[in-house]
Amino acid sequence: MVIGGGISGMQAALDLADSGYLVHLVEQTGAIGGAMPQYNKVFPTNDCAMCIIAPKLVECGRHPNIRILTLASVVDISGRAGDFSVRVHESPRYVDVNKCIACGQCSRSCPKSVDDPFNSNIAKRKAIYIKYPQAVPLKYQIDPEACLRLNQPGACGLCAEICPPGAIRFDEIAREHEIRVGAVVMALGFRVFDPGPARIWGYGVYPNVITSLQFERYLSPGGPTEGRLLRPSDGRPVRRVAFLQCVGSRDKNRCNNEYCSSVCCMYAIKEAMSAKEADPEVEVVIFYMDMRTHGKEFDRYLERARDAYGVRFVRSRVHGVEPAGGGNLRLRSISSRGRQVEETFDLVVLSVGLETPDSMVRLAERIGIHMTPDRFASISAFMPVHTSKRGVFTCGAFNGPRDIPQSVIGGSAAAASVAALLAPVRHTRTVAVQPPAEQDVRDREPRIGVFICHCGTNIAGVVDVEEVAAYAATLPQVVHVERNLFTCAQDTQDRMVQQIRARGLNRIVVAACTPRTHEPLFRKTLKSAGINEYLVEMANIRNQDAWVHGQQPGAATGKAMDLVRMAVAKVGTLTALKPLRIRILPAVLVLGGGVAGMTAALNLAEQGFRVHLVEKSSQLGGNALHLFQTWNGEQVPPYLRALKEQVAAHANIEVYYNSRVTAVSGHVGNFASTVRTGKSRKQVVAHGAVILTTGAKRYIPEEFEYGKIPKVVASIEFDKLHMHNETRVAGGKSFVFIQCVGSRNALRPYCSKSCCTHSIQSAIKLKKEVPSRRIYILYRDIRTYGQRERIYNQAREMGIIFINYEEHGPPEVSREGEGVLVRVWDHVLHRPLEIPADMVILASATLASPDMGELAGLFRLPLSADGFFQEAHAKLRPVEFHVDGVFVAGLAHYPKPLEESISQALAAAARAGRLLARGEIALEAHTALVDPLSCDGCGLCLEVCPYQAITLAEYTGSDGEPRKTVTIDQVLCKGCGICQGACPKRGVVISGFTYAQIEAQIDAALAGDGDRPAQEAL
């Protein structure tokens, strides 16, 4: 059972269901999705948040092995791991979900309006409502506190009178369910901090003070203002916006939330940039204490906001908001020179933190789950998804504040842990639903259906969708045109199936957003309707039109018509394609024997799969061999010893020491990798999936006199000196820690993520040993995110001094007699400061391993600008690549602390196990095909193919003369089309992108339509 239907819970449910387990997904509200549907866009990809989550919503909604129970809450859990009994209370919906067709007539007739929590109470909804337009399940529900009939028998009842299928059930009562499950995943989510009771920031007092979540709804095209940035007080356009950070976080006095909420800095930057995109003339200022942009590509995002968008960042804690007349608001801050500055703004946005809801804390207490003082699940860094109760796992924000990628990783990690526990019963409770028989449309005249998406106002706010629909109806072979608010919503998918069957459609055009994220969704819909999944074409009228030409609605509408006409022309020429199905070898190759590699290997081995673990050195452990404790004080060496013993003793794991992979062939499900051990021994390992956990290396400082002054050491060296009570440490009275050495600069513009925590831990230990020691930490931004904030507060309370410095004014280190002299500009005293030190400790950067380039070439994988492996999607596919069957975890992906490496390793194991458990896989049908009449065997395509899928073959022609041609391995081919572009004789084509199909698009683009010529270039 998965409790909670947010992004983390959905990920856990999908991983488990696809791995061969029946999943009960229990959601407290009327629809799954959690908080993510409320967001406008996600960083750093700038994708529409609703659009990228919609495929997961639909997938959960129609998965045969996921049973969704909404408006439900878990009352109690009894039993033990492998055999739990879960008591679930299901509140009445007052609407029969089997009859409701979501037509909306009930809501339109309802006379009662109330504040809409989905829109953060800045808009109204009716007493009978759907949580949000793309909700799964897309069924109405009645708010019992607002409904006139439920509160006064005999009153109103209009919805029941008008409902066409008679779905209203005022007499429905609550139900209790007793569900037997083998394991439980608690993905309970979070609530945002309510600043109203504190009143300090003016929320609830001044109408132009709003929360960040309300600002998301103002920015959203589907929100109350359709994306227009207007002042709540008077509806005037906003000209100046101030963001106040750390509201409800890092604040022990006013809200008792001592921790950092981890996500606020990044969402404030994202919202600031979104505001500038909506109106470049808007001035945006972010007031902050520390910018905690510690994730992958986050620092680059910060610099982009500052340099490209002109967002202003002010390091100052604003403690209050005052009225300035006319609805304006006055803020007072302290400048970098120590002077008080007064500024006036139209709008103040409070970047509110995350909290665990009281109901979730009570549930945890009933079950017997230990909680931290910050009211999050108490977990070990070594078992980051295991609760204190065996068989009950946890993920997402219930583990502590975290962003979308970490929530997705946590969901998969929990799924991996469940899969290892329940491996003996895999596939014993699941069902397989066969799609309907596929129609043979080869000899039928094309009957094309065109489905045009409003995408809220993402498209419809720029493009005249009604005009585009009317135009599409005039195109040849188009027999049905339909406009949808959200074409990716579950109800639209169901209606698409109905229209295909009712109208005999055999080709589909979807005019919406990018096929990169949504084409697989529409393919599945076609398949469920009984027509070939490849008879669909998408016209990208959002990303390539509405978003590009937002200031040119007329031209954008014309371009949308062109794109639809081109798609219709092409889809009429498409033919049914059959994907190649292949068996999957139930074995995994794990490259890298650090903690991440061993964790992934052990989990997969416990799931029952064979694991080949390749380590380039003579021992397992990787970078963890140099670690002594986690951020919360757990000892690493004992854990590491136990982990190594488990790996060595497991019958399903074979370890290759002093080994490297030198060659790779094959494809997802059936790879063959050559492993070289030592200098001469080679063997070929067959496996169905790959997990890359090759770690990273540390930066050797070139600055701050490192290597020249013996008392200047790197942090990893200091740990060992400290552990052995070396003379320089034992006799030291003054210690200076310097942060961001070798990182967050022009050469390496990223944060190494664990350095701040590590330095503060070392400083605290030194101070505890000898309280009279003088300890200084020189920092750019202190990034003790999440519950790590407690040790930062502890350090300050102990008298450890923190001094901020900027990149352009770093500290200077020089020899001073027997000691060291550190010069730095004091940001509080506003003058130069000289610190005599007995030791200087440098927090040096984490660098990408030099092996990554070679492995990237072998597996054809991308690297980031910083040399780390680049995942398929920063938010929703954080452990995957676009190369199927290859996964990544640990420091090979990006610098991270130990518990995050372990969690990501488990997530990679979940994704690999999900693949292997299927037994077979259908490959992409868009592959290269050879035309034997045109191919003359010139071999140009061999030279350009990046996947080595093409080989040269000889044969005897009909005239008895020797001939050459090429053959293409359909499994290795990825359909990239480079060969087609290189061929001078049209001897090779990509199915679905033949010359005839592309020419049909080009002809349609150039032809225009009678009186309306084709659009000129915009």
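# A chat about helix H13, salt bridges and a surface patch

Biologist: At the start of H13, which residue's backbone nitrogen does a side-chain oxygen of Thr514 reach?

Modeller: Keep in mind that we're looking at a predicted model. Helix H13 covers residues 515-528. At its start, a side-chain oxygen of Thr514 comes to within 3.0 Å of a backbone nitrogen, and that nitrogen belongs to Arg516.

Biologist: And how far does H13 reach from its first C-alpha to its last?

Modeller: The helix has 14 residues. At 1.5 Å a residue, you'd expect 20 Å. The model comes close to that, with a reach of 19 Å.

Biologist: Which helices and strands do the buried residues of H13 pack against?

Modeller: Start with who is buried: His518, Glu519, Leu521, Phe522, Arg523, Thr525 and Leu526. An α-helix has 3.6 residues a turn, so residues three or four places apart point the same way. The buried residues of H13 pack against helix H2 (49-62), helix H12 (490-503), strand E27 (507-512) and strand E28 (536-540).

Biologist: Which residue takes a positive phi just after H13?

Modeller: Look just past the end of the helix, which runs to residue 528. The backbone there has a phi of about 90°, and the residue that takes it is Gly530.

Biologist: On to charges: how many residues apart in sequence are Glu789 and Arg292?

Modeller: Side chains of opposite charge can pair when their charged atoms come close. Here Glu789 and Arg292 meet in a salt bridge at 2.8 Å, N to O, and both residues are buried. Glu789 sits in helix H21 and Arg292 in the loop between strand E17 and helix H8, so the bridge ties together parts whose separation in sequence is 497 residues.

Biologist: In the pair Arg312 and Glu343, which residue is buried?

Modeller: These two form a salt bridge, with their closest N and O atoms 2.6 Å apart. The pair links strand E18, home of Arg312, to strand E21, home of Glu343, 31 residues apart. Buried means under 20% relative accessible area. Arg312 is at 31%, so it counts as partly exposed, while 12% makes the buried one Glu343.

Biologist: What about Glu920: which residue does its side chain meet in a salt bridge?

Modeller: Glu920 lies in strand E48, and its partner is in strand E29, 339 residues apart. Glu920 is partly exposed at 30%, and the partner is partly exposed too, at 48%. At 2.9 Å, N to O, the partner is Arg581.

Biologist: How many salt bridges does the structure hold?

Modeller: Some of them share partners: one network joins ten-odd names you can pick out on screen, including Arg250, Asp290, Arg292 and Glu789. For the structure, the count of salt bridges is 67.

Biologist: Which backbone oxygen does the side chain of Gln739 reach?

Modeller: Gln739 is found in strand E39 and is buried, with a relative accessible area of 1%. Beyond its neighbours within four places in sequence, its contacts include Cys756, Tyr779 and Ala843. At 3.3 Å, its side chain reaches the backbone oxygen of Cys755.

Biologist: Last one: is Leu1006 buried or exposed?

Modeller: Leu1006 lies in helix H26. Together with Phe993, Ile998 and Ile1002 it forms a nonpolar patch on the surface, with about 370 Å² of accessible area together. The cut-off for exposed is over 50%, and at 68% relative accessibility Leu1006 counts as exposed.

Terms used. Residues numbered from 1 in each chain as written. Predicted model: local features only at pLDDT ≥ 70, side-chain atom pairs only at ≥ 80, totals over all residues. Heavy atoms only, no water. Helix = DSSP H or I, 4+ residues; strand = E, 2+ residues; numbered from the N terminus. Expected span 1.5 Å × (residues − 1). Buried < 20%, exposed > 50% of the residue type's maximum accessible area, 1.4 Å probe, protein only. Contact = heavy atoms within 4.5 Å. Polar contact = N/O pair within 3.5 Å; in protein donor to acceptor, adjacent residues only side chain to side chain. Salt bridge = Lys/Arg side-chain N within 4 Å of Asp/Glu carboxyl O. Patch = residues over 30% accessible without salt bridge, like charges linked within 9 Å, V, L, I, M, F, W, Y side chains within 5 Å. Areas by Shrake-Rupley, 256 points an atom, 1.4 Å probe, with all protein chains shown as cover.
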